[in-house]
Amino acid sequence: MAEMDTLSSSMEDYLEAIYHIVARKQAARAKDIAERMNVNNSSVTGALRSLSEKGFINYAPYDLITLTKKGKEHARYVVRKHDTLKEFFMKVLGAQEEEAEATACKMEHAISPDILERLIRFVEFVEVCPRIGDEWMKTFEKFCREGMASENCEQCLSQCLETYKEQEEKE
């Protein structure tokens with residue numbers, strides 16, 4: 001992204017809020033944004049001016065707010081980062097939704113594109129790999145709660161191999 005296209009974390013939060021409101025209502029109002037973000041109207045006005053000047057939104061005072069093509073692309077990217085992180089925290093780490101949501105909000109602004117892609121691939125891998133999948137996730141949750149003795153690893157590997165062989169036979 002060009003230097004002018006770089007947005008602060010706060011501006012990305014506004015863009016993300018606008019994206020979600022527009023997805024629900026086709027357009028946003030400053031009041032909708034203030035309510036969603038729990039900020040005052042004057043903060044919203046300043047952010048809207050800045051986003052408009054940078055070409056991310058169509059904005060005029062007291063009018064409906066929509067995203068430009070550039071704004072939609074950037075907002076989708078921010079939402080993708082947020083959703084990926086939240087999904088990773090919940091599906092892989094077993095975090096509760098509220099904590100996963102709050103942490104994703106903080107981290108979405110700092111994660112690099114390469115790390116984001118690796119996280120996406122990791123979550124996909126965890127979901128489809130016969131050695132990992134749901135059973136692995138349940139075992140990880142148990143490990144977080146209780147710890148695990150290393151002798152359980154051999155038993156676990158044997159079970160994984162049996163499950164894999166059964167799946168191969170079905171196909």
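For sorting a pocket lining, Ala, Val, Leu, Ile, Met, Phe, Trp, Tyr, Cys and Pro count as nonpolar, Asp, Glu, Lys and Arg as charged, and the others as polar. The model used here is predicted.

**Exercise 1. Sort the lining of the second largest pocket into nonpolar, polar and charged residues.**

Step 1. List the lining. The residues are Arg-29, Ala-30, Lys-31, Asn-41, Thr-45, Leu-48, Arg-49, Tyr-59, Pro-61, Tyr-62, Asp-63 and Ile-65.

Step 2. Apply the classes. The lining splits into 6 nonpolar, 4 charged and 2 polar residues.

Step 3. Add the volume. This pocket holds about 200 Å³.

**Exercise 2. Find which helix supplies the largest share of that lining.**

Step 1. Pick the candidates. Helix 2 and helix 3 each give at least two lining residues.

Step 2. Choose. Helix 3 gives the largest share, with 4 residues.

**Exercise 3. Describe the largest nonpolar core and the elements that build it.**

Step 1. Size it. This core has 20 residues. Those with the most contacts inside it are Leu-15, Ile-18, Ile-33, Leu-48, Leu-51, Ile-57 and Ile-65.

Step 2. Assign elements. Helix 1 (9-25), helix 2 (30-37) and helix 3 (41-53) each give two or more residues to this core. Helix 1 brings the largest share, 6 residues.

Step 3. Zoom in on Leu-15. Leaving out residues up to four places away in sequence, Leu-15 touches Leu-7, Leu-51, Phe-56, Ile-57, Leu-67, Gly-71, His-74 and Ala-75.

Step 4. Look beyond. Another core, of 11 residues, lies apart from the largest one. Its members include Leu-85, Phe-88, Val-92 and Ile-120.

Technical notes. Residues are numbered from 1 along each chain as its sequence is written. This is a predicted model: local features need pLDDT of at least 70, side-chain atom pairs count only at pLDDT 80 or more; totals for chains, interfaces and linings use all residues. Side-chain values use heavy atoms; hydrogens and water are left out. A nonpolar core is a set of buried Ala, Val, Leu, Ile, Met, Phe, Trp, Tyr and Cys residues joined through side-chain atoms within 4.5 Å. Buried means under 20% relative accessible area, exposed over 50%, partly exposed in between (1.4 Å probe, protein chains only). Contact means heavy atoms within 4.5 Å. On a 1 Å grid over the protein atoms alone, a cavity is a set of points where a 1.4 Å probe fits but cannot get out, and a pocket is an open set with protein on both sides within 12 Å along at least five of seven lines; lining residues have an atom within 4 Å of a point. Grid points are joined across faces, edges and corners, and a volume is the space filled by probe spheres set on the points.
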